Amino acid sequence: MKQESESKRKLLETAMQMIWESSYGSVSVDDICTRAGVNKGSFYYAFKSKSDLAVAAFERHWENKRPLMDKIFSPQIPPLERLDNYCQSIINSQKEKYQSFGKMLGCPFCSVGSELSTQDEKIRLKADQMTQRMLKYIESLVRDLAAAGLIEVKDTTELAQEIYSYVTGVLMQAKIENNVNHVERLQHGVMRLLGIKQLTAAAA
């Protein structure tokens, strides 16, 4: 397997960071190359366009995130604990970003996907792919909660989609208002959708 060049690695990491911090439209190829310390010739050797770089950066971000998702949603962990870990991981991540950048960044996939869904089909498809991957984790959690008799559900796929929509909605609202406090209600809202009144009481 051909080893990835240092320039390509820097471009992928820098692009993801800059697009997440700002937006896809406000970041140029020149901006990315300057911060990454890579010349434009190296950029166009590795990627045909900024769009191709963004798609590859999304995939790299997911590859880095997947081990944590596998750990959080491991079937070896009781479903209620998985639910708590999932919500807390989002809350902690958003708070850390807020402390680092002084603003809410929300979900990178949803932010860029909504920004470019009508303009760039490659990015829209990649953002949708990220959504489908997350939905598989959430659906497995919903299914196991139901199997344990902790919730009642007729359609696990539909409920998983509702939960994911709620989570992304909270993050989007927090980003629009630049209000970190919005993420604090995330777990309460997810439990309400699931029909779990109180996590600690249900776990007992």
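A salt bridge is a side-chain nitrogen of Lys or Arg within 4 Å of a carboxyl oxygen of Asp or Glu. The model shown here is predicted, so local features need pLDDT of at least 70 and side-chain atom pairs count only at pLDDT 80 or more, while totals for chains, interfaces and linings use all residues. Residues are numbered from 1 along each chain as its sequence is written, and side-chain values use heavy atoms, with hydrogens and water left out.

**View 1. Lys-95 and Glu-184 meet in a salt bridge.** The closest N and O atoms of this pair are 2.2 Å apart. Lys-95 sits in helix 5 and Glu-184 in the loop between helix 8 and helix 9, so the bridge ties together parts that are 89 residues apart in sequence. (Helices are DSSP runs of H or I with at least four residues, numbered from the N terminus.) Is this pair buried or exposed? Lys-95 is partly exposed at 28% relative accessibility, and Glu-184 is partly exposed as well, at 42%. Here buried means under 20% relative accessible area, exposed means over 50%, and partly exposed lies in between, using a 1.4 Å probe and protein chains only.

**View 2. Lys-40 pairs with Asp-30.** Their closest N and O atoms are 3.3 Å apart. Lys-40 belongs to helix 3 (residues 40-46) and Asp-30 to helix 2 (residues 29-36), with their positions 10 residues apart in the count. Lys-40 has a relative accessible area of 38%, and Asp-30 has 40%.

**View 3. Arg-143 and Glu-139 form a salt bridge within helix 7.** The N to O distance is 3.4 Å. The two residues are four apart, about one turn of the helix. Arg-143 is partly exposed at 42%, whereas Glu-139 counts as buried at 18%. Elsewhere, shared partners join Glu-6, Arg-9 and Glu-13 into one salt-bridge network. How many salt bridges does a search of the whole structure find? The search finds 12.

**View 4. Tyr-86 is one of the residues that touch the most other members of the largest nonpolar core.** A nonpolar core is a set of buried Ala, Val, Leu, Ile, Met, Phe, Trp, Tyr and Cys residues joined through side-chain atoms within 4.5 Å. This one has 37 residues, and Met-134 and Leu-194 stand beside Tyr-86 in that top group. Helices 4, 5, 7, 8 and 9 each give two or more residues to the core, and helix 8 supplies the largest share, nine residues. Leaving aside neighbours within four places in sequence, Tyr-86 is in contact (heavy atoms within 4.5 Å) with Ile-72, Phe-73, Met-134, Ile-138 and Val-167. Apart from this core lies another, of 17 residues, including Ile-32 and Leu-53.

**View 5. Phe-43 takes part in aromatic pairs with Tyr-44 and Phe-47.** Rings of Phe, Tyr and Trp (its six-membered ring) pair if their centres lie within 6.5 Å; planes under 30 degrees apart count as stacked, over 60 as edge-to-face and the rest as tilted. The rings of Phe-43 and Tyr-44 have centres 4.8 Å apart and planes at 80°, so this pair is edge-to-face. Phe-43 and Phe-47 make a tilted pair, with 6.1 Å centre to centre and 50° between the planes. Both Phe-43 and Phe-47 are buried, while Tyr-44 is partly exposed at 43%. The structure holds five aromatic pairs, and Trp-62, Phe-73, Tyr-86 and Tyr-137 form one aromatic cluster.
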